[in-house]
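Thanks for coming. I will go through one structure today, a few residues at a time, and I will say where each statement about a site comes from.

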Amino acid sequence: MNGPRYELEDGFPATRLFAQGVSYTYDDVIVLPGYIDFPADAVNLSTRLSRRLPLSIPCVASPMDTVSEASMSVAMASLGGAAIVHCNAPPEDQAAIVRAAKARRIPFATDPVFFSPFDTVPDFGPAAYALVTESGTCKSRVVGVVAKSDWEGLADRGAAVSEYMRPAPASAPASYDLEKVASFLAGGGLEYAPLVAEDGQVVDLVTKGDVERIKGFPRLGVPSLGPDGRFVIGAAIGTRETDKERLEHLVKAGTNVVVVDSSQGNSIYQIEMIKHAKSTYPELDVIGGNVVTIAQAQNLIKAGADGLRVGMGSGSICTTQEVCAVGRGQATAVYKVASFAKDHDVPVIADGGISNSGHIVKALVLGASTVMMGSFLAGSGEAPGVYEYLNGRRVKKYRGMGSLEAMTKGSDARYLGDTLKLKVAQGVVGAVADKGSILKFIPYTMQAVKQGFQDLGASSLESAHDLLRSEVLRFEVRTGAAQAEGGVHGLVSYEKKSF
Ligand SMILES: NC(=O)C1=CN([C@@H]2O[C@H](COP(=O)(O)OP(=O)(O)OC[C@H]3O[C@@H](n4cnc5c(N)ncnc54)[C@H](O)[C@@H]3O)[C@@H](O)[C@H]2O)C=CC1
Ligand SMILES: O=c1[nH]c(=O)c2[nH+]cn([C@@H]3O[C@H](COP(=O)(O)O)[C@@H](O)[C@H]3O)c2[nH]1
Ligand SMILES: [K+]
């Protein structure tokens, strides 16, 4: 909508805002409203993760060991986003996570427990049921199910499983989506059913309760499916020689996209890794990063990157800017890199620093195609780890991949290897509050993002980017007082409940 001339001169276009030598964060800037001529529900958030990978929502889970494993991957893909499985594990284990996620079409993964009929059960664990197979592993035929309640009622808990297991239930194909699993259970009047893959491997045990819980969440959108008809699953790799072998494992497991995971991606190591990956697996999309400048982006795009991950030091657990004095304010970084990358048709992932839906809107309107999140997702049920109590609050652990603890767990080679003998952390270990399932809070967050887009007058990511480049979209810097005013203020007490 073209308004009168004085309106166009209100606020700053992004070109001018970001040409002042100031590093701006999301909170530093505000977007001026535009003209609304469509309902919020009409906003289309579909996008691309990388050159050849479409998503229906712009959300990506970060490759961190307290964020992205099988549960996060299937839930994100079910919502239309994607997760990148972390590489802080041996290559075989990382590939097994990718396989587990790709083996199913339901939005959750429960990692079932298996027994053989001859086993005894010393401790049942938290699950309500365990599967009994001929060999006691997922690789053989299901012969029964043991219910925790039956086990708890045993006079002799030393009895063999075969003595009290329930008969083998009917199995459903692992390729069934939630709707099909629901009809399968309802049709057979079943409480639970094992999901079995084409190769006979037992993938999961789905219960009526699981299905009902998920049906209580907002309706799932268009899932992210690859050319193989399975969920789109991404995985991270490093830049060591050994990562070439990791890459091979991941490709064999069906990984749709890899992210070369470095804090400073503009290195000879990464450029060589991107070239290697692109020449060995031309069908695989390779995302490079992290970068925050045009010069960095230029090198990675030249090396063949199909996507760029942007952000250095902006993450909630990051101490890189403090430790190394290097990085950039995230709003500036996203705008600068995206302005360059768009001319090469390379989508940008705004990585780190997302703590609310407003940050997502800002990242996207500044040119990003997706946002990558760590802390925003780490308190969900889909994140790895168990909930604990901290000062009466239910929390989950969340840690930086450059924290001493994460480095000691697995990524030693990258830190302690050849040249770097002394370990210096660039991240912290912390905890985040329980947020429930991403299957609930991500749809609400996307609705909030749609409302932000509506206020701007952008009915899609493409239209937001057009408004940005044509300088119709106007910004201003928020003073400290403006930021305080923009938050809740002047109240004695309040409760913040968003949905
Ligand atoms: N986005 C951010 O701001 C940051 C992210 N992180 C995260 O922490 C983790 C570790 O990141 P980095 O420390 O950047 O890991 P990295 O593996 O890229 O680099 C670690 C060190 O190893 C060196 N190196 C890498 N490949 C090499 C090779 N082939 N030969 C010799 N030396 C080589 C690097 O130059 C660097 O000194 C990642 O998960 C990353 O995403 C860490 C810090 C900041
Ligand atoms: O300086 C850092 N030290 C670390 O130990 C570390 N671990 C992760 N990351 C980066 O932070 C992003 C997640 O950030 P959020 O929690 O803000 O979403 C992630 O996606 C990463 O880009 C780190 N940065
Ligand atoms: K930080």
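Annotated sites, then contacts

C318 sits in the loop that runs between β16 (307–310) and α11 (320–324). Before going on, please keep in mind that this is a predicted model. I start with C318 because UniProt, in an unreviewed entry, lists C318 and R414 under "active site". Such annotations may be inferred rather than shown by experiment.

Is C318 buried, partly exposed or exposed? Its relative accessibility is 28%, so C318 counts as partly exposed. Leaving out residues up to four places away in sequence, C318 touches G313 and Q426.

That brings us to Q426. The unreviewed UniProt entry also has a "binding site" annotation, and Q426 is one of the residues it covers, with others including S316, D351, R399 and G400. Q426 is in the loop between α16 (412–416) and β21 (429–433). With a relative accessible area of 24%, Q426 is partly exposed.

Which residues does Q426 touch, if we do not count those up to four places away in sequence? They are S263, I317, C318, T319, T320, V323, C324 and G402. For T320 we can add a detail: the side chains of Q426 and T320 are joined by a polar contact of 2.8 Å. G402, another residue in that list of contacts, is also covered by the "binding site" annotation.

G400 is covered by the "binding site" annotation too. You will find G400 in the loop between β20 (393–399) and α15 (404–409). Is G400 buried or exposed? It counts as buried, because its relative accessibility is 2%, and the cut-off for buried is under 20%. Not counting residues up to four places away in sequence, G400 touches M64, I317, A406 and V428. I317 also turned up among the contacts of Q426.

Now to charged side chains. How many salt bridges does the structure hold? There are 20. I will show a few of them.

Take D306 and R51, whose side chains meet in a salt bridge with an N to O distance of 3.1 Å. D306 is in the loop between α10 (294–303) and β16, and R51 is in the loop between β2 (47–50) and β3 (53–55), so this pair ties together parts that are 255 residues apart in sequence. At 4% relative accessibility D306 counts as buried, while R51, at 29%, counts as partly exposed.

D306 also meets the side chain of K278 in a salt bridge, at 2.7 Å from N to O. K278 lies in helix α9 (residues 268–280) and D306 in the loop between α10 and β16, so here the parts tied together are 28 residues apart in sequence. Both K278 and D306 are buried. Elsewhere, salt bridges with shared partners join D65, K397, R399 and E405 into one network. R399 is a name you have heard already, as part of the "binding site" annotation.

A further salt bridge joins the side chains of K244 and E241, at 3.3 Å from N to O. K244 counts as partly exposed, at 28% relative accessibility. E241 is exposed, with a relative accessible area of 59%.

Next, two helix residues. V361 is found in helix α13 (residues 357–365), and is buried, with a relative accessible area of 9%. Which residues is V361 in contact with, leaving aside neighbours within four places in sequence? The contacts are V449, G452, F453 and L456. For L456, the separation from V361 is 95 residues in sequence, but 9.8 Å in space, C-alpha to C-alpha.

The other one is H465, in helix α18 (residues 461–469). H465 is buried, with a relative accessible area of 16%. Apart from neighbours within four places in sequence, H465 is in contact with L364, G367, A368 and S369. With A368 there is a polar detail: the backbone oxygen of A368 lies 3.1 Å from a polar atom of the H465 side chain.

Last, the surface. V488, L491 and Y494 make a nonpolar surface patch of about 310 Å². Y494 lies in the segment after α19 (480–486).

That is the end of the list. If you want one place to look at again, take Q426, which touches C318 and is covered by the "binding site" annotation.

How values were computed
Residues are numbered from 1 along each chain as its sequence is written. Chains are lettered from A and ligands numbered from 1 in the order in which they are written. This is a predicted model: local features need pLDDT of at least 70, side-chain atom pairs count only at pLDDT 80 or more; totals for chains, interfaces and linings use all residues. Side-chain values use heavy atoms; hydrogens and water are left out. Helices (H or I, at least four residues) and strands (E, at least two) are DSSP runs, numbered from the N terminus. Buried means under 20% relative accessible area, exposed over 50%, partly exposed in between (1.4 Å probe, protein chains only). Contact means heavy atoms within 4.5 Å. A polar contact is a pair of N or O atoms within 3.5 Å; within protein, one must be able to donate a hydrogen and the other to accept it, and residues adjacent in sequence count only if both atoms are side-chain atoms. Patches are made of residues with over 30% relative accessible area and no salt bridge: like charges are joined within 9 Å, nonpolar side chains (Val, Leu, Ile, Met, Phe, Trp, Tyr) within 5 Å. Accessible areas come from the Shrake-Rupley method with a 1.4 Å probe; for residues, only the protein chains shown count as cover. A salt bridge is a side-chain nitrogen of Lys or Arg within 4 Å of a carboxyl oxygen of Asp or Glu.
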